[in-house]
Amino acid sequence: MAKNTYTIKLAGHDLTVETGEVAKQADGAALIRFGETTVLSTVVSKPAAQNASFFPLTINYEERKYAAGKIPGGFIKREGKPSDEATLTARMIDRPLRPLFPDEFKDEVQVTNMVLSVEPDCSPALAALFGSSLCLGLSDIPFNGPAAAVEVGQVDGQLVLAPTNEQKAVSALDITVAGTIDNINMVEAGCDQVSEAAVLDALEFGQAEIKKLCEFQQKIIAEIGLPKAEFVAEQIDQDLTAEVTAQAKEQLKTAILTVDKQARDENISAVKQMILEHYAVQTEMQPEQAEILEDVSEILDELEKKIVRKLITVEKIRPDHRAVDEIRPLTAKVDYIPRVHGSGLFTRGQTQVLSTLTLAPLSEGQTIDGLGEQKIKNFIHQYNFPQFSVGETGRMRAPGRREIGHGALGERALLPVIPSTEDFPYTIRLVADVLESNGSSSQASICAGTLALMAAGVPIKQPVAGIAMGLVKDDDNYTILTDIQGMEDHLGDMDFKVAGTKTGITALQMDIKVDGVDREILKEALQQAKKARLEILDVIEKEIPSPRQQLSPYAPKVETMQIEQDQIKVVIGKGGETINKIIAETGVKIDIEEDGTVRIMSSEQNEIDRTEDIIKRLTKKVKVGEIYESTVIRIEKFGAIVELFKGKQALVHISQLENQRVNQVSDVVTIGEKLEVKVTEVDLNNRIKASHRALLANTQSTTAPQKNYHANSHKRPVKKGDRNRRNTPQFVIKQNDDH
């Protein structure tokens, strides 16, 4: 196969497609170059397994550290399990592509994206989604694409396509929108409390660019794509369908309209089992027709779906009898768990989430070392979904794509209201544990997280709430649902999650199972979501109107102080000796930043104060002209070495001990004796010289010297034998505190 190259402009960068040179044994392959970002996308399929009950589509997104000029950490020095960012990207690619495969298609399909190089301002994730769609289109695999995605930002009120990292830092929104030539079918967004209208404008702006990228793919596929393999879904006998429908329709409808989720599931299962047993008896007499049970099961599943969709779109009746814009009963509680730093329990119908908050030093933030610049994350939101929450058994395993995705969505929703580390110098970890689930547990985790944050005393800007919207669409008839439950999510056409404050939206996530939705449907869904969001916020604020003014008594306290940059090494000491000694002595945690900001953390305020005092003494600078009541610590032939205060020593030359000549230092002072001195010189190497003689001369003058008071000196009576110092003032001498 000859090499083919195609190029289009995207946000000022070349987007180039190369095919026919690498990965030629895959069913479809394309090398995507977006600026200097390079991604190899491939697809391979194999026939469906016998009696396959689902479509086994796997999307892989493989980050190679060499793509960013890095070597993997650890002892093995090779890539291991995917990072959270890679997992989220694979999930983001899967969501717009999956609905574009034919119904009933069960062949195994595996798409792999290898990130080979990265230019920071050219997204490898979007290049991978583009490449995934294109290689599916080039292959013979049935696929109703193409699809593409773009990022949209808003800087100074203007929409920006594919914003740079610099622009993202000041952008009011960060939206990834995916779709086909005609419609949007996936949205992932973080917003800084922006309006619904601004979100709609951004989606429309993105859709126009998506259309260009899809048309570019169509051109390539038309020129070099393979003919699609024939796929015809197996047809179930129409007479059997009519027969089963007549037997089960009314009974299924009654079972579906059961309010309680578990009772509804049991009733639906009982109806299906009764029908299946009826046909099982018949097939025992006719063994050659045993496969009829599989067809009956499919008919019953499809019948359930049709009944639910008709109830919603035509009769406007939901399975639990709520109005289409009605939220399930809400309750909110704080302080559900004792001794933790903050907790919130949020319940919406049969969905319940417990969020628990922990505060820690900034140094305990999460290090993110992906293909971009290494950074520290000081707000962490994690989500757990145990099997008991849906009344099932199963292995307790590490978080999967769903848990990582829902955790990231909650983090994105809450992040805009989290205070800066300058205003609130803590690492914040929120853990959402789903205790019950019947739809929209990710949005319940946002509400529970808000409760925990406010209960802990984190000064968030505003409370945040989330709601999941649904859509059931048949031809021109459609119904938008507020607060969808599990059945409505599974059998409906849209899962549209919207989170925000009373001011505006902070996060969006939308998945569409149909071809897409237009602006009017999105506008209606956003307005209905806003109404629900405000209702939920009222419930949250009734429980706790604002963040508490005080932290939990079990939470660590933080004091911030500033030292000069050249004093950082003094506090740390050789090999960390000094700072480790302070920590061992006081039990505090200490963070020191490059600009000299020192944060001291402990649950004991007196230990914080003690540590602060130690650091002040360590970093205290001596100035010429300051007076100290020092202690003689060593005697040399040339003079006395005195300690001005802990950690600071000075030389008092023999000539500076008295007004008259001194033959031996030991004739004048002894070790341990107090000696009042005046600093006369501090050289470039911070060596200090002082004089007692200068003070003796000053006492004879009419103007008294300026005194500086040292924090850890103590008053003492004048002792007998204190040579020539009986006339000096008796007070505690301190140095001015520069910090």
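How many residues does helix H14 have, and how far does the helix reach from its first C-alpha to its last? In this predicted model, local features need pLDDT of at least 70 and side-chain atom pairs count only at pLDDT 80 or more, whereas totals for chains, interfaces and linings use all residues. Residues are numbered from 1 along each chain as its sequence is written, and side-chain values use heavy atoms, with hydrogens and water left out.

Helix H14 (residues 605-619) has 15 residues and reaches 21 Å from its first C-alpha to its last, close to the 21 Å expected at 1.5 Å a residue, the expected span being 1.5 Å times one less than the number of residues. Helices (H or I, at least four residues) and strands (E, at least two) are DSSP runs, numbered from the N terminus. The buried residues of H14 (buried meaning under 20% relative accessible area, exposed over 50% and partly exposed in between, with a 1.4 Å probe and protein chains only) are Glu 607, Ile 608, Thr 611, Glu 612, Ile 614, Ile 615, Arg 617 and Thr 619. The elements that cover these residues include helix H12 (568-572), helix H13 (577-586) and strand E26 (639-645), contact being defined as heavy atoms within 4.5 Å.

An open sheet of eight strands, with antiparallel pairing, follows the order E8-E7-E9-E10-E21-E20-E18-E19, where two strands pair if DSSP finds at least two bridges between them. Because strand E8 (158-161) and strand E19 (477-482) stand at the edges with a single partner strand each, one side of each is left without a neighbour in the sheet. The twist averages 15 degrees from one strand to the next, with axes taken as lines fitted to C-alpha atoms (for helices over the stretch in contact) and angles running from 0 to 180 degrees between N-to-C directions. Strand E18 (residues 465-474) runs antiparallel to E20 and is joined to E20 by seven bridges; in E20, Met 494 is the bridge partner of Leu 471. Helix H2 packs on the sheet, touching E7 and strand E9 (173-179), and its direction makes about 150 degrees with that of E7. Helix H9 (residues 441-456) also packs on the sheet, where it touches E18 and E20, and its direction makes about 160 degrees with that of E18.

The unreviewed UniProt entry places the feature "binding site" at Asp 489 and Asp 495; positions in that record are given in the numbering used here, feature names are shortened, and annotations may be inferred rather than shown by experiment. Asp 489 lies in helix H10 (residues 486-491) and, at 26% relative accessibility, counts as partly exposed. Asp 495 is placed in strand E20 (residues 494-500) and, at 11%, counts as buried. Leaving aside neighbours within four places in sequence, Asp 495 is in contact with Asp 489 and with residues including Ala 468, Gln 509 and Asp 511.

Two non-glycine residues with positive phi are found in loops. Ala 23, with phi near 55 degrees, is found between strand E2 (13-19) and strand E3 (28-34) and is partly exposed, with a relative accessible area of 32%. Asp 335, with phi of about 60 degrees, is placed between strand E11 (330-334) and strand E12 (342-348). The peptide bond from Gly 145 to Pro 146 is cis, with omega near 5 degrees, and Pro 146 is in the loop between helix H2 (124-138) and strand E7 (148-155).
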